[in-house]
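Please look over the sequence and the fold before reading on, since the paragraphs below refer to both.

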Amino acid sequence: MIIATWSGGIDSTAVLGNLLQQGRDVHAVSLGIYEYQQPKMWQRERTARELLMPTMEQIAENKNCSFTYSEHPAEWIWAFSPDGVEIPNRNRHIIDHLITQHCMPSGCKDIAMGEYIGADSWVVQDHVDAMDADTRSLSSYLLLQWGLSYRLWTLADFGTSRFKHHRMSQLIEAIGEDAAQLTTNCLHNTDRHCGECYKCVERFVAFGMCMVEDKTEYETLPQNDSKVSEYLKQMAEQIGI
């Protein structure tokens, strides 16, 4: 059994879909970090998970593996957030929660996370203050902090999947184009995707680069936004696209 965090966004859904496609037994956990402070954002994520649930259940049935899901309030993590969105060391707190509340009681030694890196003005940062932001850094944290040799499953590292379109392609391959449209990524407390935050820009560019029509309802279509050009420029400079 693998314990996986699941927000309903591109990254976590891609990891979840890929694990199920591999025939892994997965228990997905949603933490109510934003439930009270950003209720519209939380409801978007919950709706996305509800809409995606049949797809995950169908994949699990086809692969003869198990898929279970539960919600667990963890609004206490919000206390670590100075601005209401970017939470310093958020994923370290989430991992600690998963270990104590889910892994240790069940004896599970596998954790799956969608994205364990954050961004600030397009500069990616490691949430565990490690020297290298890849899967080794969090695995090292688990060993040093807890003395545990756990396996971390993720698609979001500093290798070829640094930019969203790589994970989008993995998402589409795992669950299909139609289901991929059901995910949600906006950071703002709005009913629809704002189209202005970096998550919306990443989403818009990722669909385009995967040659898939983006059917997301944005409050402001990011197509002509300067952030799109900035993001594409950064991609070109860093990985030669």
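What follows treats a pair of helices, then a further helix, and then the cysteines.

The model is predicted, so local features are given only at pLDDT of at least 70 and side-chain atom pairs only at pLDDT 80 or more, while totals for chains, interfaces and linings use all residues. Residues are numbered from 1 along each chain as its sequence is written, and side-chain values use heavy atoms, with hydrogens and water left out.

Helix α1 (residues 10-21) packs with helix α2 (residues 39-63) at an angle of about 20 degrees, their axes lying 8 Å apart. The two helices are therefore roughly parallel to each other (the term covers angles under 35 degrees). On the side of α1 the contact (heavy atoms within 4.5 Å) is made by T13, L16, G17, L20 and Q21, and on the side of α2 by L52, M56, I59, A60 and K63. Sorted by class, this contact has six nonpolar, three polar and one charged residues.

Further along the chain, helix α7 (residues 198-209) has 12 residues and spans 16 Å from its first C-alpha to its last, close to the 16 Å expected at 1.5 Å a residue. This helix is mostly covered, with 10 of its 12 residues buried (under 20% relative accessible area, with a 1.4 Å probe and protein chains only); among them are Y198, C200, F204 and F207. Just after α7, M211 takes a positive phi of about 60 degrees.

Why does a search of the whole structure find zero disulfides, a disulfide being a pair of cysteine sulfur atoms within 2.5 Å? For C186, the closest cysteine sulfur is in C194, 3.5 Å away, which is too far for a bond. C186 itself counts as buried, because its relative accessibility is 2%.

How values were computed:
Helices (H or I, at least four residues) and strands (E, at least two) are DSSP runs, numbered from the N terminus. The expected span of a helix is 1.5 Å times one less than its number of residues. Buried means under 20% relative accessible area, exposed over 50%, partly exposed in between (1.4 Å probe, protein chains only). A disulfide is a pair of cysteine sulfur atoms within 2.5 Å. Axes are lines fitted to C-alpha atoms, for helices over the stretch in contact, and angles run from 0 to 180 degrees between N-to-C directions. Angles under 35 degrees count as roughly parallel, over 145 as roughly antiparallel, 65 to 115 as roughly perpendicular and the rest as oblique. Ala, Val, Leu, Ile, Met, Phe, Trp, Tyr, Cys and Pro count as nonpolar, Asp, Glu, Lys and Arg as charged, and the others, Gly among them, as polar.
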